[in-house]
Amino acid sequence: MSDIADRVKKIVVEHLGVDEEKVVESASFIDDLGADSLDTVELVMAFEEEFGIEIPDDAAETIQTVGDAVKFINGAV
Amino acid sequence: MIDLTGKNALVTGASGGIGGAIAEALHAAGAAVALSGTREAPLNELAGKLGERAHVVPANLADPEAVAALPKAAAEAMGSVDILVNNAGITRDNLFMRMSDEEWDQVLDVNLGSVFRLSRAVLRGMMKARWGRIVNITSVVGTTGNPGQGNYAAAKAGLVGMSKSLASEVASRGITVNCVAPGFIETAMTDKLNDDQKSRILGQIPTGRMGTPADIAAAVLYLASPASGYVTGATLHVNGGMAMV
């Protein structure tokens, strides 16, 4: 995994309190990792801070899985 | 005793009687306060009286740019906004049939729209801190209605529904959202009433007196404090019993 993917994974593990093995690229925050809608807002906030980027609301809506987040951040940093 | 040491509070409408008393109460409990209002002179006067931990952040809430800038200015002055008291409000009273679109829009914008925008802006910091207090000052007329105040009553009732919705969204993050609904309070606004009007009002108040800004401030102080952590989405009516709802 790339550095960005590792950092994303760490944030997700910390924020949602899930096992590291579950945080795979295809894992959906809501369906697989037990996040509620407010958790997803907080995750986006945490990504913004970690990577020093802005994630607009319409882009945030498309970030459903761990892989989506990594892909978006890769394109933004 | 309520201790707000280390907490930072933004109070809108702090140049008025009720807002000033709220700011004083929070400050006396140890909070830093950012005083907002349209008139800078009374804000500076209050800040001077309070001394340390008091900041002046003027804003005209009828101006969308000022609304957008206010939370940032308050956070810069104090370091964060842990407590937001949405107290500012205006009236543009008129009989319903004579009320202009402008009178309607102005009151809804300032009394309801700005509360939405300011609350939205401070939530981010509160979510991260896992602690926050939003206290919205509504009014007894939001529950009872009042002739000549269709716009004002609509905005104040709107605050209650908005507060309950937000309260349920953020409760799990340690943030509470509540309303305080004053009845008739002695302020510059009620000073203008004549004796006849005053005695008619007093006839409807079981406690036999008008409320004071300090009565409202005491309710806000409680809802802004850690003591009220299990209270959210509530409206605390402070009206001397004139409407028991």
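Contact here means heavy atoms within 4.5 Å. The structure is a predicted model.

**Exercise 1.** State how many residues each chain brings to the contact, and what area is buried between chain B and chain A.

Solution. Step 1: by that cut-off, chain A contributes eight residues and chain B also contributes eight residues. Step 2: about 680 Å² is buried between the two chains, and carbon and sulfur atoms give 48% of this area. Step 3: on the side of chain B, B:Arg124, B:Met127 and B:Arg173 supply 66% of the area buried against chain A, more than any other three residues.

**Exercise 2.** Describe the polar links across the interface and the part of chain B that makes the contact.

Solution. Step 1: the rule finds six salt bridges between chain B and chain A. Step 2: one of them can be checked by distance, since a salt bridge requires nitrogen and carboxyl oxygen within 4 Å; B:Lys128 and A:Glu49 have their closest N and O atoms 2.5 Å apart. Step 3: five residue pairs are in polar contact, with both residues at pLDDT 80 or more. Step 4: in chain B, helices H4 (101-129) and H6 (150-170) each supply at least two residues of the side that touches chain A. The largest share, three residues, comes from H4(B). Step 5: by class, this side of chain B has five charged, two nonpolar and one polar residue.

**Exercise 3.** Is A:Ser37 buried or exposed?

Solution. Step 1: A:Ser37 lies in helix H2 (residues 37-51) of chain A. Step 2: its relative accessibility is 54%. Step 3: exposed means over 50%, so A:Ser37 counts as exposed. Step 4: an unreviewed UniProt entry lists A:Ser37 for "modified residue: O-(pantetheine 4'-phosphoryl)serine".

Notes:
Residues numbered from 1 in each chain as written. Chains lettered and ligands numbered in written order. Predicted model: local features only at pLDDT ≥ 70, side-chain atom pairs only at ≥ 80, totals over all residues. Heavy atoms only, no water. UniProt positions renumbered as here; feature names shortened; annotations may be inferred. Helix = DSSP H or I, 4+ residues; strand = E, 2+ residues; numbered from the N terminus. Buried < 20%, exposed > 50% of the residue type's maximum accessible area, 1.4 Å probe, protein only. Buried area = accessible area lost by both parts, 1.4 Å probe. Salt bridge = Lys/Arg side-chain N within 4 Å of Asp/Glu carboxyl O. Polar contact = N/O pair within 3.5 Å; in protein donor to acceptor, adjacent residues only side chain to side chain. Nonpolar A, V, L, I, M, F, W, Y, C, P; charged D, E, K, R; others polar.
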